Amino acid sequence: MSEAPTLNMADFDPKDLAIEDIDVSQRSLWIEDKKMAFFDRLRDEAPVHYCKDSEYGPYWSVTRFKDIMEIDGNWQDFSSEPAITILEPEEDFPLPMFIAMDPPVHDEQRKTVQGSVAPANLKLMEKTIRERTQKVLDGLPVGEQFDWVDRVSIELTTQMLATLFDFPFEDRRKLTRWSDVATGDEESGIVESEEARQAELYECLEYFMGLWQERADKDEGTDLVSMLAHGEATKNMSPQEFLGNLILLIVGGNDTTRNSMTGGVWALNQNPGEYAKLRNNPGVIPNMVSEIIRWQTPLSHMRRIANRDYELNGQTIKAGDKVIMWYLSGNRDERSIDRPDEFIIDRDRARQHLSFGFGVHRCMGNRLAEMQLRILWEEVQKRFHMVEVIGEPKLVPSNFVHGYTEMQVVLHPH
Amino acid sequence: MPKITFIEHDGTQHIVDAEVGKSVMQAAMDNLVPGIDADCGGECSCATCHVMVNSDWVAKAGGPNEAEDSMLDLNPERASNSRLSCQMTVSDDLDGLIVDLPEFQF
């Protein structure tokens, strides 16, 4: 750690800082939503940027689309172990999960569960997802203010997760809580202490151990717990590894889609011309879904550790260095995306964004997420002229989960 | 120019002229063949340009390279004749190539 006092990034215009003093990981930038101007400067002047000191130790920031793709696609030189966020894992509380493993172990574990969200299975789920979406939307108050995050985004993603795990439906909000706890910390206000966080995650483990036992005693089913309990590569996992993989699947299916469900409403409210396009042409919805996922980028980054010295865009990343791929920045890179700061629902090549990652760790649930969002918007458009956002949404105070804790809206019928 | 036939899951055929040296994926994109997403733009990093090579063409088209193999492996619907079309280069030898498209890209 350096002796010099830490500069608070949020107090500065990025132009007024020496490039080497920039630290885009600082929480204040994310709480005050000032990070984008910092990423703009890094992309232009230092696309592979070394931050020598931060709350998380030294790290490289990779901020251009093509550079991020190069690293994401290269698991041989850039390891996902032991963790995939900028935060170092707790030494006394390791959470092994397949997203944070390299091939071949990663591949074996992933293969055990990925069938649950493969397109053939999704086709079977579409009717259920649509019925649930209709029920949630039909239960909303029209013409009076409510929180879209709680009533729609959390409710729909949590119901989906409960189905994938075949989790007791009445207890489903426990999944929401465990997802928040897994990615939260004291400073985010979600838990009081690291001890309290671990205690809640053990409750999660205990609950799922019960389900595991019940499913292991029966023939293999199609839910994720049963798949893990019967899979050759997963049936002998330690409890800690079971917990790690549960958290991966819970967070992966929850925080991400939830925030795209909210972000889409917010983006359309800020771009009334796009909202008008949507009203005139509901056929644009599948393309809009990709644009929402790009615009929101629900996970801001992923991290890797270099396995060897590696030249990237004129810089030498040393073996052992921590490398942060800022998807949020790459998705705003005008070198790869036309008019990247604009939200354009009928944009060309809308699917070519970084939000799902690339390479062997590419988001397993990406097709499910797209389907959930497509159905949501199809059903919203049948019912409402506008989902009007009141005030501004409240942001998650995190440099990893890029989303919203609350967004007040009023529904206007056709 | 070599001709390539893409057959959709429902049997619809698309016969396109493909430029030598470009990828089979690019030939599909250039000719607006539906059923190929190519989310990564041809970097062998997303597996959404999955095709199944017609049995008569498997020998000529060859098998997947190492990086392609690891991406294909993530698809539960992978078949023995599966390839990522961004990793197949159009050549005169492949004039007449026939590939089937999967019902879904994943």
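This briefing covers the interface, pockets, cavities and unusual backbone spots of a structure with chains A and B. The model is predicted. Chain B and chain A bury about 1800 Å² between them. The second largest pocket holds about 950 Å³ of space. The whole structure has three cavities of 30 Å³ or more.

**Where the chains meet**

- The size of an interface is often given as the accessible area lost when the parts come together.
- Here, chain B and chain A bury about 1800 Å², and 57% of that area is on carbon and sulfur atoms.
- B:Asp39, B:Leu74 and B:Phe106 supply 38% of the area that chain B buries against chain A. No other three residues supply more.
- On the chain B side, 20 residues are in contact with chain A. On the chain A side, 21 residues take part in these contacts.

**Charged and polar links across the interface**

- Seven salt bridges are found across the interface of chain B and chain A.
- A:Arg367 forms a salt bridge with B:Asp37. The closest N and O atoms of that pair are 3.0 Å apart.
- Eight residue pairs are in polar contact across the interface, with both residues at pLDDT 80 or more.
- The side of chain B that touches chain A has eight nonpolar, six polar and six charged residues.

**The second largest pocket**

- About 950 Å³ of space lies in this pocket.
- There are 33 residues in its lining. The closest to the pocket centre are A:Arg351, A:Arg367, A:Glu370, B:Asp37 and B:Gln105.
- A:Arg367 and B:Asp37, listed there, are also partners in a salt bridge.
- Three helices of chain A each supply at least two lining residues: helix 5 (119-138), helix 12 (285-296) and helix 14 (366-383).
- The lining is made up of 14 nonpolar, six polar and 13 charged residues.

**The largest cavity**

- About 100 Å³ of space lies in the largest cavity.
- Chain A lines it with A:Arg110, A:Gln114, A:Arg362, A:Cys363 and A:Asn366.
- Chain B lines it with B:Cys46, B:Ala47, B:Met71, B:Leu74, B:Asn75 and B:Phe106.
- Look again at B:Leu74 and B:Phe106 in that lining. Both belong to the trio that supplies 38% of the area chain B buries against chain A.
- By class, the lining has six nonpolar, three polar and two charged residues.

**The second largest cavity**

- This cavity has a volume of about 70 Å³.
- Its lining consists of A:Ile129, A:Arg132, A:Thr133, A:Leu156, A:Gln159, A:Met160, A:Met261 and A:Gln372.
- Helix 5 and helix 6 (148-165) of chain A each supply at least two of the lining residues. Helix 5 also supplies at least two residues to the lining of the second largest pocket.
- Four lining residues are nonpolar, three are polar and one is charged.

**Unusual backbone spots in chain A**

- The peptide bond from A:Glu81 to A:Pro82 is cis, with omega near 0°. A:Pro82 sits in the loop between strand 3 (78-79) and helix 4 (105-114).
- A:Pro103 and A:Pro104 are also joined by a cis peptide bond, with omega about 5°. A:Pro104 lies in the loop between strand 3 and helix 4.
- A:Arg339 has a phi near 45°, a positive value in a residue other than glycine. A:Arg339 lies in the loop between helix 13 (327-330) and helix 14.

Notes:
Residues numbered from 1 in each chain as written. Chains lettered and ligands numbered in written order. Predicted model: local features only at pLDDT ≥ 70, side-chain atom pairs only at ≥ 80, totals over all residues. Heavy atoms only, no water. 1 Å grid on protein atoms, 1.4 Å probe; cavity = no way out; pocket = protein on both sides within 12 Å on 5 of 7 lines; lining within 4 Å. Points joined across faces, edges and corners; volume = space filled by probe spheres on them. Helix = DSSP H or I, 4+ residues; strand = E, 2+ residues; numbered from the N terminus. Nonpolar A, V, L, I, M, F, W, Y, C, P; charged D, E, K, R; others polar. Contact = heavy atoms within 4.5 Å. Buried area = accessible area lost by both parts, 1.4 Å probe. Salt bridge = Lys/Arg side-chain N within 4 Å of Asp/Glu carboxyl O. Polar contact = N/O pair within 3.5 Å; in protein donor to acceptor, adjacent residues only side chain to side chain.
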